[in-house]
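Subject: Structure for you to look at

Hello,

Here is the structure I promised to pass on. Please open it first, then read my notes below.

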Amino acid sequence: MLRQRSIIPGFSLTMGFSLTYLGLLVLIPLSMVFLKSSQLSGAEICRILFSPRALAAYQLSFGASLIAAGVNSVFGFLVAWVLVRYSFPLKSLVDALVDLPIALPTAVAGISLTTLYSPNGWIGSTLAQWGIQGSYSRLGVVIALTFIGLPFVVRTIQPVLKDADPEVEEAALCLGASRWQTFLKVLLPSLVPATLTGFALAFARALGEYGSVVFISGNMPMTTEIVPLLIMTKLEEYDYPSATALAAFMLCVSFLLLFVINSLQWWSQRHRKKLS
Amino acid sequence: MNDPRAVGPELKRHETAPIRWLLIASAIAFLSLFLFIPLLVVFINAFRDGLALFLAAAADPQTAAAIRLTLLVVALVLPLNVLFGLCAAWSITKFDFRGKNLLTTLIDLPLTVSPVISGSIFVLLFGAQGALGPWLASHQIRIVFAVPGIVLATLFVTFPYVARELIPLMQALGNDNEETAISLGAGSWQIFWRVTLPNIKWALLYGIILSTARAIGEFGAVSVVSGHIRGKTITVPLHVEILYNEYNFVAAFSVASLLVLVSLLTLFLKRLAEWKRQQVFLENAEHGSQGGGN
């Protein structure tokens, strides 16, 4: 099955350790979810996956993740654009802080955003004057998921924008295109694959997010309960069949997204090579 | 000298100043709403009632116990991650074999799994109703709702970081250096320590930084397996949650601000490692082109 075509030593040792470790820590535990759900009958799985509470949770999780990834695609694009093309004071600090949502523990993000967007918080009180509730609402979930997904979009678009050949734009301008036309017809199409990849990465990250949402959402079943929280609740109630079936469903969605993201990245890389 | 064709488009390529500043201002406004102000909120709430209360919260025995546990978890998780990362990167980049792409994808798998599911798989495996539950109970071994479970869940979520940083770099560097060392009679360990490691040390450090940050900050997965036993299975992020849910906001934000400092330090070190890595890579690229290798 495995073949070695190299004079460099250490293949069996490193490969053996890698596969054993991967198997023991990742593959066997993950397969438990599917093994356990296969012990449930089809009717039972349907009852769990299509219960009103689960359906409401999917609606919120998928809906809020889509909106957050959409917001991030637009504003992440803007942030990447500004960071690559313009110079302004403290730019490198701003650039470094874009990675904060990846480095910051989600619980810290959760309590901070909740405080900020709650009816007596700085931004929340302004929103409340317009009759909008920030924390403890579905909007709160979108806010937390937008925070979480931001770096994924910015960091996928940034390198592509940096590599974009200025001569292509100059050619368009020399041929009489306006700046706006050049952006829409020349630059934007070349950035579509990267933006879509960033969107998919932010969406996948948002779908699984738990730490920050659990504080800001208020966790009301049927209205502000996301799927990971529902799984957590079922585990705490020792309702293992429900937790397993829901986890298996979400794992399938994650695997599907992983496949989509890999294909997008492959497409994006091919596109990039063509451009430069 | 003053070729207008060279200057004209270059000037036009940039937006007019008002549009430029409008775009910069909107980007900064967006980042402020979602990044900068939340960051500020942590510190303002931590020091709201003065430095004395902040220090009291940071020096609380429960906080100290949480910090000790988190450091213990990091100390156990890091060596295993480094060992796995090096082994996986070595086997994937130095050899050809079937299923290489599948293996690379499988290594990334934990990144796409929800933290809650990452934690629950260990409850399903080692919990009272889990596959190995009865056997563990009869031998009086506790894994879930105890420290080993927290270590396992953290290992799972930090699993890909080191390997992910090393694989692309080692792929780009190629095998020429190692092969030359072998032809000169170097042993396996000599090749690794003298040839490979100096080239990958910054990427390795970068991976270590990322997995340390994640290990310190992991909340979802650890929350599932911890069992929330005071002073025993509470890591720092869980401690923040407990304080916050007890309406002890100053203490919650004080401990949170320590975590913020750790993540700011992470970002700084990350930048440094990125910069150093690029330098090493550029140096190698130069040597490579001189030698006429691949």
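A term to start with: a residue is buried under 20% relative accessible area, exposed over 50%, and partly exposed in between. A:Arg155 has a relative accessible area of 23%, so A:Arg155 is partly exposed. Please keep in mind that this is a predicted model.

Now the salt bridges. There are 15 over all chains. A:Arg155 pairs with A:Asp95, at 2.9 Å from N to O. A:Asp95 sits in helix α4 of chain A and A:Arg155 in helix α8, so the bridge ties together parts 60 residues apart in sequence. A:Asp95 counts as buried, at 14% relative accessibility.

The two also belong to a network of salt bridges, which links A:Asp95, A:Asp99, A:Arg155, B:Lys270, B:Arg271 and B:Glu274. Within it, B:Glu274 and B:Arg271 have their closest N and O atoms 3.6 Å apart. Both lie in helix α14 of chain B, about one turn of the helix apart.

Another bridge joins A:Arg85 and A:Glu169, at 3.0 Å between the closest N and O atoms. Helix α3 holds A:Arg85 and helix α9 holds A:Glu169, 84 residues apart. A:Arg85 is buried at 13% relative accessibility. A:Glu169 is buried too, at 2%.

Last, the cavities. The search found 4 of 30 Å³ or more. The largest has about 50 Å³ of space. Its lining includes A:Phe147 and B:Val260. Helix α2 of chain B gives the most, with 4 residues. The lining has 9 nonpolar residues, 1 polar and no charged.

Best wishes

Note on methods:
Residues numbered from 1 in each chain as written. Chains lettered and ligands numbered in written order. Predicted model: local features only at pLDDT ≥ 70, side-chain atom pairs only at ≥ 80, totals over all residues. Heavy atoms only, no water. 1 Å grid on protein atoms, 1.4 Å probe; cavity = no way out; pocket = protein on both sides within 12 Å on 5 of 7 lines; lining within 4 Å. Points joined across faces, edges and corners; volume = space filled by probe spheres on them. Helix = DSSP H or I, 4+ residues; strand = E, 2+ residues; numbered from the N terminus. Nonpolar A, V, L, I, M, F, W, Y, C, P; charged D, E, K, R; others polar. Salt bridge = Lys/Arg side-chain N within 4 Å of Asp/Glu carboxyl O. Buried < 20%, exposed > 50% of the residue type's maximum accessible area, 1.4 Å probe, protein only.
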